[in-house]
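Visitor: Hello! I have just opened this structure and would like a guided tour, please.

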Amino acid sequence: MGAFVYDLTHNAGDNGFYLSSTGAVGPTATIYETAPALAFGAFGRMPTLAQRVGERQVGAGRDGFWLHLTGGRGSATPDASTAGASWDFTNSGLQVGYDRVLDDAGAGHLVVGVTAQAGRASADVVNAAGAGDIDMTSSGVGLTATWTLDSGFYLDAQLSLNRLSTDFATDAAGSLASGRDGTLTGFSLEAGHRFALGSKGALVPQAQFTFGRLATSDFTDAQGNAVDLGTHSMTTARLGLAYQYQDPAAPGTTFYVIGNLLRDLSTETTVLVDGTRLTARNDRTWAEIGVGGTVEIGERTTAYAEGSYRKAGGGGDNDAFALTAGVRMVW
């Protein structure tokens, strides 16, 4: 019944029973408040160039197909939440792409590509009044463009358009809504430079900006609540430094360790449940560390992977593990 929890109280004066609000936000409103954060966290985080295709210099200047898988899990407690929400989440995804070299002249390469992706995410959401679940799927297409110079500089751009479908449920009421549609568009721009350290090592400072926009439609759930999940935007910045190691005896094999500082530049999200305004804001600053590499497993094929862990700077129950792995074939 709306955003709040109600109690049945007895009035001794007229011997009647009445429903009265306790003022506490219920689990129904809590899962709706959480939905935008889950969508951005699971599907709005664009991969880095290394996560998407591995070490681009391996097989540079050649057309090819690639496929990479992603998976992650973690916990989140917003920096601010009307409902007092927190949740545990898991996500997984698959992305495939085709790259074509448009310009292989001079001292660099320009590569453009098309992608298709699909993913799934779920969250177990709790607050002081109860618990609920969100299950979300995503499918979409995208475009990529990468410019690399022999000097070590690179610039990578990604554009994606995804359709979301979301199911909501609470432990007390069961299913509240199924197949609620939304669209998530994203754009990412990453730049970096590889500075060689002798014949085996290199430092790669890099920066990435990601922009996202989530658009949803209004609906009425199974309890008769009018729900407006709203339209939201996301902006994140990443500053990173990677150390790469390459054995001269195995030129197609590269390993690296990377440290990132992430900053959420977004405003708070706002959801309406029966006219009640529910806002949430995630932790702003995160630190992340990861290890990965690219291995040449044939003349035309490379495999690559990265594992990472990130933690919010504000402390609390805000952290996540992620794993990506892929394969690229060129000709």
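Here is a short conversation about this predicted model, in questions and answers.

Visitor: Which residues have the most contacts inside the largest nonpolar core?
Guide: Let's begin with the setting. The elements that contribute two or more residues to this core are H1, strand S5 (86–103), strand S6 (108–127), S7, S8, S9 and S16. The core has 36 residues, and those with the most contacts inside it are Tyr32 and Phe168.

Visitor: Which element gives the most to this core?
Guide: Several elements give two or more residues to the core, including S5, S6 and S16. The top contribution is 10 residues, and it comes from H1.

Visitor: Which residues are linked with Tyr32 into a cluster by ring pairs?
Guide: The neighbours of Tyr32 are a good place to look. Leaving out residues up to four places away in sequence, Tyr32 touches Leu176, Asp221, Val227, Leu229, Val271 and Val273, among others, and also two Phe residues. Ring pairs join Tyr32 into a cluster with those two, Phe168 and Phe219.

Visitor: Which strands stand at the edges of the open sheet of five strands?
Guide: The strands follow the order S4-S17-S16-S13-S12, with antiparallel pairing. A strand at the edge has a single partner, so one side of it is left without a neighbour in the sheet. The strands in that position are S4 (80–81) and S12 (219–220).

Visitor: Which residue stands opposite Val227 in S16?
Guide: Val227 lies within the range of strand S13 (residues 226–228), which runs antiparallel to strand S16 (residues 269–273) and is joined to it by two bridges. The residue opposite Val227 in S16 is Val273.

Visitor: At about what angle does helix H1 run to S16?
Guide: Helix H1 covers residues 27–43. It lies across S4, S12, S13, S16 and strand S17 (276–281). Relative to S16, H1 runs at about 145°.

Visitor: How many bridges join S8 to strand S9?
Guide: Strand S8 (residues 153–170) has an antiparallel partner in strand S7 (residues 130–149), with Ser139 opposite Arg163. S8 also forms a hairpin with S9, with three residues between them. Strand S9 (residues 174–193) runs antiparallel to S8, and Thr166 stands opposite Arg180 there. The bridges joining S8 to S9 number 17.

Visitor: Which residue takes a positive phi in the hairpin of S7 and S8?
Guide: That hairpin has three residues between its strands. The phi in question is near 115°, and the residue is Gly152.

Visitor: Is the aromatic pair of Trp147 and Phe153 stacked or edge-to-face?
Guide: The ring centres are 6.1 Å apart, with 75° between the planes. An angle over 60 degrees falls in one particular class. The pair is therefore edge-to-face.

Visitor: How many residues apart are Phe65 and Trp331?
Guide: These two form a tilted aromatic pair, 5.5 Å centre to centre with 45° between the planes. Phe65 is partly exposed at 42% relative accessibility, and Trp331 is partly exposed too, at 44%. Phe65 sits in strand S3 (residues 64–76) and Trp331 in the segment after strand S20 (319–330), so this pair links distant parts of the chain. Their separation along the chain is 266 residues.

Visitor: Which residue lies over the face of Trp286?
Guide: A charge can sit over a ring when CZ of Arg is within 6 Å of the ring centre. Here the distance from the ring centre is 5.9 Å, and the residue is Arg310.

Terms used:
Residues numbered from 1 in each chain as written. Predicted model: local features only at pLDDT ≥ 70, side-chain atom pairs only at ≥ 80, totals over all residues. Heavy atoms only, no water. Phe/Tyr/Trp six-rings, centres within 6.5 Å; stacked < 30°, edge-to-face > 60°. Helix = DSSP H or I, 4+ residues; strand = E, 2+ residues; numbered from the N terminus. Buried < 20%, exposed > 50% of the residue type's maximum accessible area, 1.4 Å probe, protein only. Lys NZ or Arg CZ within 6 Å of the ring centre and 35° of its normal. Pairing = 2+ DSSP bridges. Contact = heavy atoms within 4.5 Å. Axes fitted to C-alpha atoms, helices over the stretch in contact; angles between N-to-C directions. Core = buried A, V, L, I, M, F, W, Y, C linked by side-chain atoms within 4.5 Å.
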